[in-house]
Amino acid sequence: MTRTSATSPAVEAETQAETQAEAQDSVLLPIATSARTRAAVRELARPHRLLALGGFGTLVVATAVGLFTQPLLGRIVDVAAGEGGGVDAITVVVLLLVAVAVVQGVLTGIGVSRIAELGETVLARLRERFVERVLGLPLERVEKAGSGDLTVRVTGDVSLVADAVRSALPELARSVVAIVLTLGAMAILDWRFLVAALLAVPVQAYTARWYVRGAVPLYAEQRVVTGKLQQQLLATIGGATTVRSLRLEKDHTERVTTRSRAAVDITMRGVKLVLSFYCRLHVGEFIGLAAVLGVGYWLVRDGSASLGTATAAALYFHSLFGPINAALVLLDDAQKATAGLSRLVGVADLPLPEEPKRPASAQDASVTVTGLSHAYQNGHPVLHGIDLTLAPGEKVALVGASGAGKTTLAKLIAGIHRPTAGTIRLGGADLADLGPAAVRRAVALVTQETHVFSGPLAEDLRLARPGASDGELREALARVDALTWAEALPEGLATVVGDGGHRLTSAQTQSLALARLVLADPPVAILDEATAEAGSTGARALEKAAARAVEGRTALIVAHRLTQAATADRVVVLDAGRVVETGTHDGLRAAGGRYAALWEAWAGTRRSGGSVHAEGPRS
C-alpha cells in the first residue's frame, strides 16, 4: 500500500513547523565523504568495464589520428618555404588532412557516445539506489530532514550530476586523452619542445589545486544553503493560511530574506572564485606559448629543426589551449557535480531499517497501545500515557480538537514514528518485533493528502496490488462507489491521470485512495481525516465509501466529522494528548461529557439552519 505523509491538524502543524526551522541543521540527510563518493562510483562502474575500455580506447585512437594534423600543416609550411615539393605535394597534404578530419570525427563521435552511455548507465543505477533508499527510509527520518532538503537532492543534485554525465564527462575524457597524446607528439618532434611546454604545468597545476581546494567545500555548502532556502520557501508557502491567521508574516518574511541573502552571498563567492581561476589560467598559457616559440626560433636558427617542425610544435601547443582549458574549466562543473553526487551517495548509502532476525507474527488484527507517550522535541510531549485497545474487526473513531494529538497517535500505530515511551502491539506482537516490512503489509494509512501518480488510472491502482486484474480493479472501485466516474473518464481505466493528464476532483482522488486500500487488503486500516478534502457536497458519499473500504478490518478513523463517529463501534476522545473519554456514541452522549458537548454544539448549529455543518460537526 502506498502511503502519503499525513497532514497534522493546524495547531500541531504550526508547532512542528516552528521547531523544524530551528532544528534544521541537525536533521539534514547525510552527505558522503569524497573518498566514499569515489568508491561508490567505482562500485557502480565496475560491471561496465568493457564499455568504459571501448569508449576510452576509441577516443585514444581518434585523438592519435587527429595528431597528424599539425605535422601535415608543418609540411605545407616547408613546401611554401621552398624546402621541397610543389603544388602536387600540397594537394596530397590537403587530401590527407581531409581524411584525418573525417576519421577523427567518426571515431570521436563513437567514443564520446560510449562514454556518455557509461555515465548514463552509472547515473541510472545511482538514481535507482537513491529512490530505493528514500522509499525504504522510515518516514520519520524523511520528515525530520524536511521536504526542502530531499527536493533539492531529487531535482537540483540529480540535474547537476546528469548534466555532468551528458556533457562534462565525455568532454573531460576527450580532453585528457588529447593532452597526453599531444605532449607525446611534441616530444617526438623534439624533446626540447616538450620541456618548453611543460613550463606552463606548474602554474596550471597550482591553479587547479587552488581551485579544487576552494570549490569543493564552497559548492557543498551552496547545496546545503539552497536546501535550507527551499525548505523555508516550502514551509512558508505551504503554510500560508496558518502564517496569515497567526500574523507571522513578518517573521517568515525575515526567515526567507535571511536564507535568500545567504544563498546570494555564497553564489557571489563562487563567481569570484571562477573569475580568479580564469585569470590564473591565462598566465600559464602565456608562459608556455612564449617558451615553445622561443625554443622553435632557437632550433630553426641552429638548424636542428625545420620551419615546418617548429610550426607544428607551436600548433601542437596552441591546440592544447582547448583541451587544457576545457579540462580545467570542467573542474567547475565537476566540483558542482561532485557536491551533488556526494549528497546522492549520502542517501544511497543510508542503511535500510533492519528486519528482526526472527520476526514475530501477528496472531490476529487486534491493536493494543499501552502507556504510550511521544514528543517531537524533548520536554514537549504531544501524547501522555495513552492506553487503547482495538479488537479484531472493530471500528474506532478518534475525535478531539485540533492539536489534541490524533494524527500523532495514528502515525505511531502505523509505524511511521517510534514512540518516546510505551508499546504498540499488533496481534499480540510488538511493532519492533514484527519488523518494518511486516508492519507495512499489516497496517495501511490513508490521509487527506493523496498523491495521484502520473500514468493510466489502472496502473495507479495497481501500485497497491501489482498483479491485480482489470476485474479486480473494477471490483475495488465499485466497492467504494468509484466505478461509475472511473468508467466515464475519456478512456476509462486507461485514462492518463496525474501531472499532465486528466485532473481528478478532490472527491475522486480520495475515492482512488480508498480503492487502493481495498486492493492492498491490510488487516488494519487507519483513516486520518481521509474524507476531509471532499467538501460538504461529497462528504456523505465518501464517508459511506470509507465505511465499505474498512469492512472486515480493524479500523482507526480520525474523524473529521462527527457523523463518522456516530457510525463507529466505539468513540475515543483525545484532549491535550490524553484519552479523556471512550465509549459508544450513544453512551458518550448520555454521559454529558466532552463528546456530548461537541455533539450538542453541532446539533444546535443544525437546528439553527447552518449549512456549513450540514454534513456533521468537525472534531
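Buried means under 20% relative accessible area, exposed over 50%, and partly exposed in between, with a 1.4 Å probe and protein chains only. Helices (H or I, at least four residues) and strands (E, at least two) are DSSP runs, numbered from the N terminus. This is a predicted model: local features need pLDDT of at least 70, side-chain atom pairs count only at pLDDT 80 or more, and totals for chains, interfaces and linings use all residues. Residues are numbered from 1 along each chain as its sequence is written, and side-chain values use heavy atoms, with hydrogens and water left out.

**Stop 1: helix α13.** Select residues 406–414. Helix α13 is mostly covered, with 9 of its 9 residues buried. Among them are Lys406 and Lys411, alongside Leu409, Leu412 and Ile413. Step on to Gly415, just after α13; its phi is positive, about 85°.

**Stop 2: two aspartates in loops.** Most residues other than glycine have a negative phi. Select Asp481, in the loop between α17 (470–479) and α18 (483–487). Asp481 is not a glycine, yet its phi is positive, about 55°. Now go to Asp521, in the loop between α19 (506–520) and β9 (524–528). Phi of Asp521 is also positive, near 55°. Asp521 counts as partly exposed, at 49% relative accessibility.

**Stop 3: strand β11.** Pick Arg570, in strand β11 (residues 570–575). Arg570 is buried because its relative accessible area is 18%. Show the backbone oxygen of Thr389: the side chain of Arg570 reaches this oxygen at 2.3 Å. That is a polar contact (a pair of N or O atoms within 3.5 Å; within protein, one must be able to donate a hydrogen and the other to accept it, and residues adjacent in sequence count only if both atoms are side-chain atoms).

**Stop 4: salt bridges.** A salt bridge is a side-chain nitrogen of Lys or Arg within 4 Å of a carboxyl oxygen of Asp or Glu. The whole structure has 15 salt bridges. Select Arg129 and Asp349, whose closest N and O atoms are 3.1 Å apart. Arg129 lies in helix α5 and Asp349 in the loop between α12 (307–348) and β1 (367–377), so the pair ties together parts that are 220 residues apart in sequence. Arg129 is buried at 14% relative accessible area; Asp349 is partly exposed at 29%. Add Arg36 and Glu43 to see a network of salt bridges that links them with Arg129 and Asp349.

Next, open helix α11 (residues 249–302), where Arg255 and Asp251 sit 4 residues apart, about one turn of the helix. Their salt bridge has its closest N and O atoms 3.3 Å apart. Arg255 is buried at 17%, and Asp251 is partly exposed at 28%.

**Stop 5: surface patches.** Patches are made of residues with over 30% relative accessible area and no salt bridge; like charges are joined within 9 Å, and nonpolar side chains (Val, Leu, Ile, Met, Phe, Trp, Tyr) within 5 Å. Select Val94, Val98, Val102, Val106 and Ile110: they make a nonpolar surface patch of about 390 Å². Val102 lies in helix α5. So does Ala101, with α5 spanning residues 87–136. From Ala101 to Ala62 is 9.6 Å, C-alpha to C-alpha, across 39 residues in sequence.

Finish at Arg38, Arg42, Arg46 and Arg49, which form a positive surface patch. Arg46 is in the loop between α2 (34–45) and α3 (49–66), partly exposed at 44% relative accessibility.

Terms used:
Areas by Shrake-Rupley, 256 points an atom, 1.4 Å probe, with all protein chains shown as cover. Lys, Arg positive; Asp, Glu negative; His and termini not counted. Charge placed at Lys NZ, Arg CZ, Asp CG, Glu CD.
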